Each structure stands twice: as structure tokens, then as C-alpha cells.
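Thanks, everyone. I'll take one structure and walk through three parts of it. Please have the viewer open.

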Amino acid sequence: MQQVVILGRQKRINESVKVKIPLKSLTIIHQDQSLLAEMSKLEKFIKTELNVKTIEYSTKEEQYVVLSAKPNLPVLGKKLGKEMGAFKALIEKLSSADVLKIENGGKVTLNGVDFDASEVLVQRNTKPGTQAVTNKFVTIDLDCKLDQELVDEGLAREIVNRIQKSRKDSNFNVSDRIEVTIHTTENLARIFNKYQSYISGETLMVKGTVSEGPLVNPMAHEIDEETFTLSLRRA
């Protein structure tokens with residue numbers, strides 16, 4: 001599970017997609033079905049950590065990853081001597097099944113000589129056309145394609161974050177119902193109105209209003225370099 005989260009965060013960084021923006025789907029790929037079944041018990045945590053809506057599971061690693069091998073030259077040079085060249089070619093032609101066997105701690109035999117993971121270096125490359133990232137533990141495919149709905153939802157979560165911070169700074173009780181008035185950009189005002197139900201459920205807001213003019217003594221925040229000011233009062 002930790003490796004899935006590490007790979008997911010790495011993928012977001014590579015694609016320049018902030019964690020605050022929800023993503024549609026994550027596929028966890030491993031050849032061991034029982035491991036995937038155990039992983040599914042932690043699905044709620046993974047969804048929260050990587051901010052994804054759905055998680056799928058697959059044992060079809062070959063659809064996402066290409067396995068290849070090359071000789072560990074410093075080790076095999078001593079073992080094979082002048083036969084190194086011939087065995088190098090054989091190792092580089094190993095099938096994915098044989099490479100996987102080595103990766104899992106097994107051995108393969110070539111022309112009567114056994115080779116193990118200390119002698120053969122396994123390389124894992126993701127297939128073009130996928131959104132996969134992989135390491136020796138697990139592979140994931142994280143859909144990083146964004147649409148306006150996902151971007152808006154991410155901003156709605158940021159609005160919730162700012163309201164919650166303002167609640168805390170105002171020393172409100174956890175159970176206090178509040179009325180919120182905001183003065184902000186047209187874009188954030190649109191999202192505030194669009195996600196009123198969600199914002200209310202997260203912040204105990206019973207009334208939300210967008211003010212056309214500046215507020216008196218507002219609490220000032222920024223959301224993605226857009227100004228977001230608000231005032232709160234107990235309902």
C-alpha cells in the first residue's frame with residue numbers, strides 16, 4: 001500500500017497535477033490476486049491519500065509493463081570470462097516469464113549455466129499509451145487527465161479548507177452552524193455557488209452569500225493566486 005501511494009504521488013508530480021485536484025481512476029496491477037484482495041481492504045485510505053474517485057485491480061501486468069534483462073557485468077565477467085559475450089546475448093533475449101521468475105527470486109538456466117537475481121539485472125519499462133508507473137513491488141496506472149469538473153471540485157475543496165481555517169481562527173465550536181459571506185473572483189464565486197451543498201456539509205454552513213462589494217474586516221486568503229475573502233458569523 002505504501003508503494004502504491006509513493007508511485008501515485010510520483011505520477012502526480014511528473015504530470016504536474018496537484019494532490020488537491022481529484023482524479024477519476026487508479027488501477028493497481030500485480031500478478032498476485034491474493035495481494036490485490038488484501039490491498040482492496042485499504043482502498044478507502046488509498047483513495048484519500050491519492051485523491052482518486054475509483055480504484056480498480058488487475059493481474060494483467062503485461063498490458064502495462066515490459067520486462068527485460070541485462071547481465072550484471074561486474075559479477076558475470078568473473079563467472080563467465082571470455083564466454084561473457086555469448087551469454088550476454090542470451091540474457092538480453094530472455095522472455096518476460098523468465099525475467100519475472102528471476103525478479104521473484106528464482107533462477108533460469110541458459111546452456112547449462114544457472115543465473116539468479118544477483119547476476120541478471122531486471123528492467124521494468126511502462127508501455128506507451130498507458131499512464132503506468134512501476135517499481136519492483138507493484139505497478140499502478142493513474143489517470144491524470146483533467147476536465148473542468150475535476151478542476152472545479154479541487155477548488156471547492158480549497159474553499160472548504162479556507163472556511164475551516166477561518167472557523168478555527170475565529171474560535172468557533174466544532175458544532176457551531178455558521179453563515180458565510182464571501183467576496184472573491186468570478187471563478188471562485190461560481191464554484192462557491194455550484195458546490196454549496198458540499199461546502200455546507202463539510203463546514204456546517206447554513207447560509208452562503210456572495211457579496212458584490214468588499215467586506216468589512218474580512219479574513220483574507222488566496223486560492224491558486226486568486227483572492228478569496230470571507231466573513232463568518234454563528235447562525
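Start with helix 5, on the face turned away from its buried side: the exposed residues there are G85 and A86. Keep in mind that this is a predicted model.

Now turn the helix over. The buried residues of helix 5, residues 84-92, are M84, F87 and I91. Look down the helix axis, and these buried residues fall within an arc of 70°, so they line one face. Why one face? An α-helix has 3.6 residues a turn, so residues three or four places apart point the same way.

What covers that buried side? The cover includes two elements from earlier in the chain, strand 3 (65-71) and helix 4 (73-80). It also includes strand 4 (108-110), strand 5 (113-115) and strand 6 (120-126).

Next, the sheet. It is open, with 4 strands in the order 2-1-8-7 and mixed pairing. Strand 2 (52-58) and strand 7 (132-134) are the edges, each pairing on one side only. From one strand to the next, the twist averages 20°. Strand 1 (23-29) and strand 8 (139-142) run antiparallel, paired over 4 bridges. One bridge to pick out: T27 partners D141 in strand 8. Helix 3 (43-50) packs on this sheet and touches strand 1 and strand 2. Its direction makes about 125° with that of strand 2.

Last stop, R162, in helix 7 (148-169). Is R162 buried or exposed? Its relative accessibility is 13%, so R162 counts as buried; the cut-off is under 20%. Its side chain makes a polar contact with the side chain of N161, at 3.0 Å. Beyond its neighbours within four places in sequence, R162 contacts H221, E222, I223 and F228.

How values were computed. Residues are numbered from 1 along each chain as its sequence is written. This is a predicted model: local features need pLDDT of at least 70, side-chain atom pairs count only at pLDDT 80 or more; totals for chains, interfaces and linings use all residues. Side-chain values use heavy atoms; hydrogens and water are left out. Buried means under 20% relative accessible area, exposed over 50%, partly exposed in between (1.4 Å probe, protein chains only). A polar contact is a pair of N or O atoms within 3.5 Å; within protein, one must be able to donate a hydrogen and the other to accept it, and residues adjacent in sequence count only if both atoms are side-chain atoms. Contact means heavy atoms within 4.5 Å. The arc is that of the directions from the helix axis to the C-beta atoms. Two strands pair if DSSP finds at least two bridges between them. Axes are lines fitted to C-alpha atoms, for helices over the stretch in contact, and angles run from 0 to 180 degrees between N-to-C directions.
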